[in-house]
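Here's a protein to look at together, piece by piece. Have the sequence and the 3D view ready, and try to find each part as it comes up.

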Amino acid sequence: MDMKDNKTGASSKRIRHIIALSGGKDSSALAVYLRGKIPNVEYVFCDTGEELKETYEFIAKIENYLNISVTKLRSIKNFKYYLDLYNGVLPDARTRWCTRMLKLKPFEEYIGDDPVINYVGIRADELHREGYISTKSNVKTVFPFVEDNIRREDVLRILQESGLGLPRYYEWRSRSGCYFCFFQQKREWVGLLENHPDLFEKAKAYEKFDPITGERYTWNQDESLDELSRSERIAEIKAEYEERKYRQAKAFKSHQKLQDIWGAEDFEDDVACTICRL
Ligand code: SF4
């Protein structure tokens with residue numbers, strides 16, 4: 001990428017190299033994998049202000065392990081501000097205003113008009129995944145794991161060998177991102193309830209019902225968090241999850257060990273935004 005300085009039209013601007021960490025396993029493994037290979041890397045974390053404390057802990061662990069400083073990028077306006085702006089309509093997989101306003105916008109403001117190479121941790125075994133490809137002409141996105149045929153098992157090995165391991169939330173959740181992320185599976189909502197009841201209540205408080213129009217603004221289209229948190233429903237969700245895990249373990253025998261670690265959902269197509277999820 002060779003860009004002329006807009007002001008002088010003479011010299012090329014220095015290319016910036018950026019790895020955006022999400023607090024998830026793939027971007028973390030990418031940072032470890034690229035250690036020492038790229039000069040002057042800038043590490044950033046797009047912080048929505050609605051992250052799990054385990055995510056912050058893991059980011060701090062990476063900083064310590066790599067001896068780096070991760071720049072936390074935050075929107076000036078918070079989630080509640082944008083929720084009000086969108087008339088209380090919660091974000092969903094179609095609109096994703098949360099990603100645009102709380103992650104992508106601060107990221108694009110941070111890089112400005114500088115020429116940037118953005119390193120993204122999409123793996124060779126998930127080419128179907130949607131990535132953050134900036135429409136800005138000054139950003140070039142590259143996929144080192146795809147280029148080097150790094151797959152899920154390699155990512156696990158990289159993290160294990162580094163001693164970083166996995167973020168603690170992987171015990172009950174298969175993705176990084178906001179505690180209320182609408183991409184969560186039902187069993188992950190149950191995990192949130194059991195591990196962070198306070199955050200579950202906060203997520204619940206964002207749901208609204210209009211008694212006049214009958215309109216429901218809920219994180220899940222088919223049930224509210226209040227409905228989901230009833231004991232009989234929790235038992236049902238857990239039973240469905242075990243059943244699905246059993247079926248998938250049979251279908252993916254060679255991956256059974258990984259399934260035990262990550263949970264069955266991690267083997268399903270994932271449509272979540274990579275800037276949040278990787
Ligand atoms: S993690 Fe989920 S809720 Fe948070 S910004 Fe990303 S898509 Fe939106």
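A residue counts as buried when its relative accessible area is under 20%, as exposed when the value is over 50%, and as partly exposed in between. Keep those cut-offs in mind. Also remember that this is a predicted model.

**The overall picture**

The protein has 278 residues, and 53% of them are buried. Its secondary structure comes to 12 helices and seven strands. If you take the contacts with a separation of 6 or more, 64% of them involve residues 24 or more positions apart.

**The sheet**

Let's start with the open sheet, which has five strands in the order E3-E2-E1-E4-E5, with parallel pairing. Which strands stand at the edges? They are E3 (70-73) and E5 (139-142), and each has a single partner strand, so one side of each is left without a neighbour in the sheet. On average, neighbouring strands here are turned by 30° against each other, if you ignore direction.

What holds strands together in general? Strands of a sheet pair through backbone hydrogen bonds, either parallel or antiparallel. For a local example, look at E2 (residues 41-46), which pairs with E3 in the parallel sense over four bridges. Phe 45 has Lys 72 in E3 as its bridge partner.

Two helices lie across strands of this sheet. H2 (residues 53-66) covers E1 (16-21), E2 and E3, and runs at about 150° to E3. H4 (residues 97-111) lies across E1, E2, E3, E4 (116-119) and E5, at about 160° to E1.

**Two helices that cross**

Now find H1 (residues 25-33) and H6 (residues 152-162), which pack at an angle of about 65° with their axes 9 Å apart. Their crossing is left-handed. On the H1 side, the residues that meet H6 include Lys 25, Ala 29 and Tyr 33, while Arg 152, Ile 158 and Leu 159 are among those that H6 brings to the contact. Sorted by character, the residues of this contact divide into six nonpolar, two polar and three charged.

H1 is also well tucked away: nine of its nine residues are buried, so it is largely enclosed by the rest of the structure. Among those buried residues are the charged Lys 25 and Asp 26. Helix H7 (residues 186-195) gets a similar description, since seven of its 10 residues are buried, so it too is largely enclosed by the rest of the structure. The buried ones in H7 include Arg 187, Glu 188 and Trp 189.

**Around the ligand**

Which residues surround the ligand? The shell consists of Cys 98, Thr 99, Gly 177, Cys 178, Phe 180, Cys 181, Phe 182, Phe 183 and Cys 276. Seven of these shell residues are nonpolar, two are polar and none is charged.

**Two asparagines with positive phi**

Finally, here are two residues that have a positive phi although they are not glycine. Asn 87 is one of them, and Asn 149 is another.

| Residue | Phi | Loop | Relative accessibility |
|---|---|---|---|
| Asn 87 | about 55° | between H3 (79-85) and H4 | 64% |
| Asn 149 | near 55° | between H5 (144-147) and H6 | 45% |

Now the cut-offs come in handy. Is Asn 87 buried or exposed? At 64% relative accessibility, Asn 87 counts as exposed because the value is over 50%. Asn 149, at 45%, counts as partly exposed.

Definitions and conventions. Residues are numbered from 1 along each chain as its sequence is written. This is a predicted model: local features need pLDDT of at least 70, side-chain atom pairs count only at pLDDT 80 or more; totals for chains, interfaces and linings use all residues. Side-chain values use heavy atoms; hydrogens and water are left out. Two strands pair if DSSP finds at least two bridges between them. Axes are lines fitted to C-alpha atoms, for helices over the stretch in contact, and angles run from 0 to 180 degrees between N-to-C directions. Contact means heavy atoms within 4.5 Å. A crossing is left-handed if the near helix is turned anticlockwise from the far one by less than a right angle, and right-handed if clockwise. A residue is near a molecule or strand if one of its heavy atoms lies within 4 Å of it. Buried means under 20% relative accessible area, exposed over 50%, partly exposed in between (1.4 Å probe, protein chains only).
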